[in-house]
Amino acid sequence: MSGDDYHRVREPRAVRDVLERTGEFEPTNALTAVVPLVPEALRVLARVGFSLPPVLASATGEAHLRVRRLVAGFFSPGKVSAVAPAVRALAAERAAAVGERLSAGEQVDLAAELAAPIPPTIMAELTGTDCPDLDTLKRWSQDSLELFWGWPGEARQVELARSAAEFYAWLRSSVRASRGGDSLFGVLHAGGLGEREICSLGYFLVIAGQETTALLINTVLYRSLRDRDAWAACREMDAARAQVRAVIATESSVHTWRRRAVTDAVVDGVALPAGAEILLELSGHHPVPDGSGYGLAFGHGVHRCLGARLAELEAGIVLHEAARALPDAIGSGGTPPWLRLLSFQAPLAVEARAQGHDGDREHASAGAGTAGVCA
């Protein structure tokens, strides 16, 4: 399906209404591939027993709430606050290394050097689960996002399915090894979930816990670097937090999400038949007017993102430490490639150089007014 094949809901009140009417609109399509997978891609997945039964994001009712309570314990406000010093230490260390390279006249991709490495490290610390090496994790995560939320052709589907099968096989081994432990997977085992259910939850939790946060940090750095006043202001933590919230409100990395009508229903005056596919806009056209929040960017109600606090904390600290350590950094390299999927968006590179080196006039003051491009 393309974005045009869904009934799109943009008005915040209507989006919130759909998310609250859980008996009429269910998340059963939340993790369904946008493009039906071809038989060869399905065979590749079947060989490793790939299975995604509804557990958290795509589950409903008491089954959803039971699992949500188990997972929420790993992302409580206290536990998220407790990892802030680790986030800051990692961000400061990596920003200092980037500063040395910029001073030497290099052009550096902040997406690779600042945004990518920190979220998986922190996710592993919070959940007690291991991660593969960063390059492999990024490949698996990005390929899975494209497979389930992109529009790949037949040959590309098979290629992406092979990557997803590798990811799933690794995940299943990790889940089996966790039995009896106090990691997230171990707690889910103890809570009565089967292996297939834990793998289903882990498959997208591993992606959501690091890739979507890294994508958010990419956008935050990209927009901030192209506004000299904003970059300078973000040397103060309060300004960095405000900048992150503005980006989340207008250009979140997860800008839409899906629901399916269980029965005939009316949404914002429009009659929809049972089975209608709905695309909810979470970010882009309705920022919070006073800049104090980010509206619906992390969802609403019983399915609100459990990692919202963590994502905002990581993005704010990374921006703050980067602005402090790299006061002369400036965006360079022209317009980067962008990830543009049904529900995910972000620049895939954030090239920077030190102001004063050749090429620093590119985009020096392009400003942040171009935010809000949606896939």
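How much area does the chain expose, and what share of it do carbon and sulfur atoms supply? The exposed area is about 15,100 Å², and carbon and sulfur atoms supply 52% of it. Accessible areas come from the Shrake-Rupley method with a 1.4 Å probe; for residues, only the protein chains shown count as cover.

The model is predicted: local features need pLDDT of at least 70, side-chain atom pairs count only at pLDDT 80 or more, and totals for chains, interfaces and linings use all residues. Residues are numbered from 1 along each chain as its sequence is written, and side-chain values use heavy atoms, with hydrogens and water left out.

**Overall form**

The radius of gyration of the chain is 21 Å, which agrees with the value near 21 Å that a compact globule of 375 residues would have. This radius is taken over C-alpha atoms, and the globule rule is 2.2 Å times the number of residues to the power 0.38. Along the principal axes, the C-alpha atoms fill a box of roughly 60 × 50 × 45 Å. Of the 375 residues, 54% count as buried (under 20% relative accessible area, with exposed over 50% and partly exposed in between; 1.4 Å probe, protein chains only). Among contacts (heavy atoms within 4.5 Å) between residues at least 6 apart in sequence, 78% join residues at least 24 apart.

**Sheets**

The chain holds 14 helices and 11 strands. These are DSSP runs numbered from the N terminus: helices are H or I with at least four residues, strands E with at least two. Two strands pair if DSSP finds at least two bridges between them.

| Open sheet | Strand order | Pairing | Edge strands |
|---|---|---|---|
| 4 strands | 1-7-4-2 | mixed | strand 1 (7-9), strand 2 (25-26) |
| 3 strands | 3-11-8 | antiparallel | strand 3 (108-109), strand 8 (329-331) |

Strand 2 runs antiparallel to strand 4 (residues 256-261), and 2 bridges join them. Phenylalanine 25 stands opposite alanine 261 in strand 4. Strand 8 is joined to strand 11 (residues 351-354) by 3 bridges, again in antiparallel fashion. Here glycine 331 stands opposite alanine 352 in strand 11.

**Histidine 189**

Helix 10 (residues 184-190) contains histidine 189. This histidine counts as buried because its relative accessibility is 10%. Apart from neighbours within four places in sequence, histidine 189 is in contact with Val175, Ser178, Arg179 and Ile198.
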